[in-house]
Amino acid sequence: MNAIAGMCDWSSFVESATPDNRFNPAHQGALGQGVVADPRPLALTAQAVLVLFAVAQVMSDLTTGTGARMFPDAILFEMPLFLGTTVVFLCWLRRCRLNAEVFAPGAHKYSEGGAVGVWLIPVFNAWASRRVMLDIWRANGPAGAAWTVNAWWATWIVKMVGISVYVVAVPQGNLHNPVVMFINVAAAVLTIAMVEQISAAQRAKIKA
């Protein structure tokens with residue numbers, strides 16, 4: 001996972017730009033693995049890119065088959081935005097996982113690198129990703145059930161499995177349809193909500 005860690009190194013500049021982003025060293029976990037940092041800068045970046053990606057998807061869904069000039073433009077931007085969203089989301093996840101290790105040392109199923117790596121393994125990521133997010137959620141110690149994590153995961157499974165089944169069952173089908181558009185928007189909204197809730201919980205813990 002060194003490649004992903006390298007791509008995320010730029011975030012350290014953003015974090016260090018705000019003096020109160022860091023824990024007092026006295027509050028670091030017993031393992032002493034690094035400094036805890038505010039995930040908010042990466043969270044805002046991830047949320048912004050998610051919005052752009054969702055807008056591009058909606059534009060392509062609404063204009064498919066209409067001959068509108070906007071359709072090829074939306075399709076053109078979808079792949080770069082998807083890749084950008086993936087990279088920034090994983091950087092945010094890595095930061096939250098590093099923080100969570102300090103909050104709850106040894107309470108996670110997957111290591112810091114493994115928590116990012118499981119997302120890149122097809123099929124396995126379908127359930128491992130939920131465990132990663134739940135471990136981070138529990139380490140933050142927020143009150144109440146992790147409804148955002150579970151809702152995000154359920155929508156992501158519907159999107160991943162449902163669209164795959166549709167492609168196999170209807171080879172000539174049109175993926176740019178209202179049902180797919182609704183699933184894409186729901187997945188984006190719930191991902192943004194999850195990023196916000198986890199980031200807010202970690203930020204509160206850091207500032208406490």
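**Chatting through an all-helix chain**

Me: What's the secondary structure of this chain?
Reply: The chain has eight helices and zero strands. Helices here are DSSP runs of H or I with at least four residues, strands are E runs of at least two, and both are numbered from the N terminus. It's a predicted model, where local features need pLDDT of at least 70 and side-chain atom pairs count only at pLDDT 80 or more, while totals for chains, interfaces and linings use all residues. Residues are numbered from 1 along each chain as its sequence is written, and side-chain values use heavy atoms, leaving out hydrogens and water.

Me: How much of the chain is buried?
Reply: Of its 208 residues, 42% count as buried. Buried means under 20% relative accessible area, exposed over 50%, and partly exposed in between (1.4 Å probe, protein chains only).

Me: OK, leucine 90: where does it lie?
Reply: Leucine 90 is in helix 4, residues 70–103.

Me: And why does leucine 90 count as buried?
Reply: Because its relative accessibility is 6%.

Me: How far apart are the C-alpha atoms of leucine 90 and valine 116?
Reply: They're separated by 6.4 Å, and the two residues are 26 apart along the chain.

Me: Switching topic: which residues of helix 6 and helix 8 make the contact in their left-handed crossing?
Reply: Helix 6 brings Met133, Ile136, Trp137, Ala139 and Asn140, and helix 8 brings Met194, Gln197, Ile198, Ala201, Gln202 and Lys205. Contact means heavy atoms within 4.5 Å. A crossing is left-handed if the near helix is turned anticlockwise from the far one by less than a right angle, and right-handed if clockwise.
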